[in-house]
Amino acid sequence: MSAQSQVRRKTVKDIAKAKGGTPIVCLTAYDAPMAKLMDPFADLILVGDSVGMVVHGLDSTVGVTMEMMILHGQAVMRGASQAMVVVDMPFGSYETNPDVAFLNAARIMKETGCQAIKIESGEYAAEAVEHMVERGIPVMAHVGLRPQAVNVDGGFRAKGRSAIERKRVLAEAKAADEAGCFAMVVEGVAEDLADEITKLVSCPTIGIGASANCDGQVLVTDDMIGMFDWVPKFVRRYGDVRGEIGRAVEAYAADVKARRFPGPDETYSLSTNGKTK
Ligand code: KIV
C-alpha cells in the first residue's frame with residue numbers, strides 16, 4: 001500500500017457532522033495539480049460543471065457533457081487524497097427520470113472514483129435523489145440559483161426576490177433534504193433566506209453568494225485566485241493569478257525576442273568526454 005493511499009479521505013459522515021460546527025471548506029477544481037494544491041485545506045472538492053465556462057470558454061454550463069465531467073473528475077481524483085471529491089452531473093444527464101439519473105451517476109462514480117455526485121435540484125428532482133441514495137450514490141443537492149436553468153431564468157439571477165420564489169427555493173431545499181441528500185449547495189440567495197434554509201434542513205448547507213448563514217462556503221477557485229478581470233459581488237479575491245501569468249508571459253516574450261532566453265544555464269552542451277551536461 002502506498003503512503004498516499006493510507007491517508008483517510010473525508011466521507012459523507014464527516015461532512016454531515018459539520019452541520020452547525022466549523023464551516024465546511026469547499027472549492028472547485030478541474031485538474032490534478034489544482035486538486036493537489038487545495039487538498040490539504042479543503043474538506044470537499046467540487047468538480048463543478050462550471051468547468052464548461054471556466055476552462056472550455058462556454059457561455060453557460062448547458063453545453064457540458066458527461067465525457068467532460070468524467071475526464072475532469074478523473075484528473076481531480078489523481079490530485080486529491082484527503083478531501084471528499086464530488087462531481088457535478090451535467091445538464092440533461094439526470095432530469096428525465098430516476099433510472100437515467102442513477103445510470104449516469106453510477107457511470108461517473110465508476111469511471112472517476114469520486115465519492116459523490118451533485119445535481120441541481122428543483123422540487124421535481126427529489127425522486128431522483130431518493131432513488132440514487134437508496135442505491136448507494138451519495139447526492140449533494142444544489143438549490144437557489146441553478147445555473148443550468150439559465151435559459152428559463154433569462155440570465156444568472158439571485159433567487160428569493162418575491163414571496164413565490166422564496167417559497168419555491170424553500171420547497172426545493174426541503175424536498176432534497178427529505179430525499180436524503182448529504183449536503184446542499186445554496187447559490188445566490190439573500191442572507192435571511194440562507195438562514196431559513198440552513199435552519200430548515202438537516203444536512204449542511206454550503207453557500208455561494210448565500211451569506212455567512214450557511215454551514216460551509218464554496219467558490220469557483222478561478223474567481224477566488226483572480227484568474228478573471230470580472231469579479232462577482234459575492235467573491236473575495238485571494239490572489240492575482242491573472243496578473244502573475246500576464247507578467248510571466250510578457251517577460252518570457254521579451255526575453256525570447258531579445259535572445260536573452262534561453263541562456264547558458266538553460267542550454268545543453270556536450271562536455272569534452274562526450275557526455276551531455
Ligand atoms: O459548477 C460549479 O462550480 C458549482 C458551484 C458554483 C457550486 O456548482
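User: Quick one to start: how many residues does helix α11 have, and how far does it reach from its first C-alpha to its last?
Analyst: Helix α11 covers residues 241-257, so to speak 17 residues, and spans 24 Å between its end C-alphas. That is close to the 24 Å expected at 1.5 Å a residue. Bear in mind that this is a predicted model.

User: OK. What does R259 do just after α11?
Analyst: R259 takes a positive phi there, about 60 degrees.

User: And which residues does the cis peptide bond join?
Analyst: F261 and P262, with omega at about -5 degrees. P262 sits in the segment after α11.

User: Switching to the sheet. How many strands are in the barrel, and is the pairing parallel or antiparallel?
Analyst: The barrel is closed and has 8 strands, in the order β1-β2-β3-β4-β5-β6-β7-β8, with parallel pairing. On average, neighbouring strands are turned by 25 degrees against each other, ignoring direction.

User: How many bridges join β6 to β7?
Analyst: There are 4, linking β6 (residues 183-187) with β7 (residues 205-208). One of the residues involved is V186, whose bridge partner in β7 is G207.

User: Which strands does helix α8 touch?
Analyst: Helix α8 (residues 163-179) packs on the sheet and touches β5 (139-144) and β6. Its direction makes about 170 degrees with that of β5.

User: Where is S211, then?
Analyst: S211 is in the loop between β7 and β8 (216-219). S211 also has a positive phi of about 70 degrees, although it is not a glycine.

User: Now the ligand. Which residues surround it?
Analyst: The ligand is surrounded by T28, L46, G48, D49, S50, D88, K118, H142, V185, E187, I208 and V220.

User: How far is a ligand oxygen from an N or O atom in the side chain of S50?
Analyst: For S50 the distance is 2.5 Å. An oxygen of the ligand also lies 2.9 Å from a side-chain N or O atom of K118, and for D49 the corresponding distance is 3.0 Å.

User: What percentage of the ligand's area does the protein bury?
Analyst: The protein buries 95% of the 260 Å² that the ligand exposes when taken alone.

Note on methods: Residues numbered from 1 in each chain as written. Predicted model: local features only at pLDDT ≥ 70, side-chain atom pairs only at ≥ 80, totals over all residues. Heavy atoms only, no water. Pairing = 2+ DSSP bridges. Helix = DSSP H or I, 4+ residues; strand = E, 2+ residues; numbered from the N terminus. Axes fitted to C-alpha atoms, helices over the stretch in contact; angles between N-to-C directions. Contact = heavy atoms within 4.5 Å. Near = heavy atom within 4 Å. Polar contact = N/O pair within 3.5 Å; in protein donor to acceptor, adjacent residues only side chain to side chain. Areas by Shrake-Rupley, 256 points an atom, 1.4 Å probe, with all protein chains shown as cover. Expected span 1.5 Å × (residues − 1).
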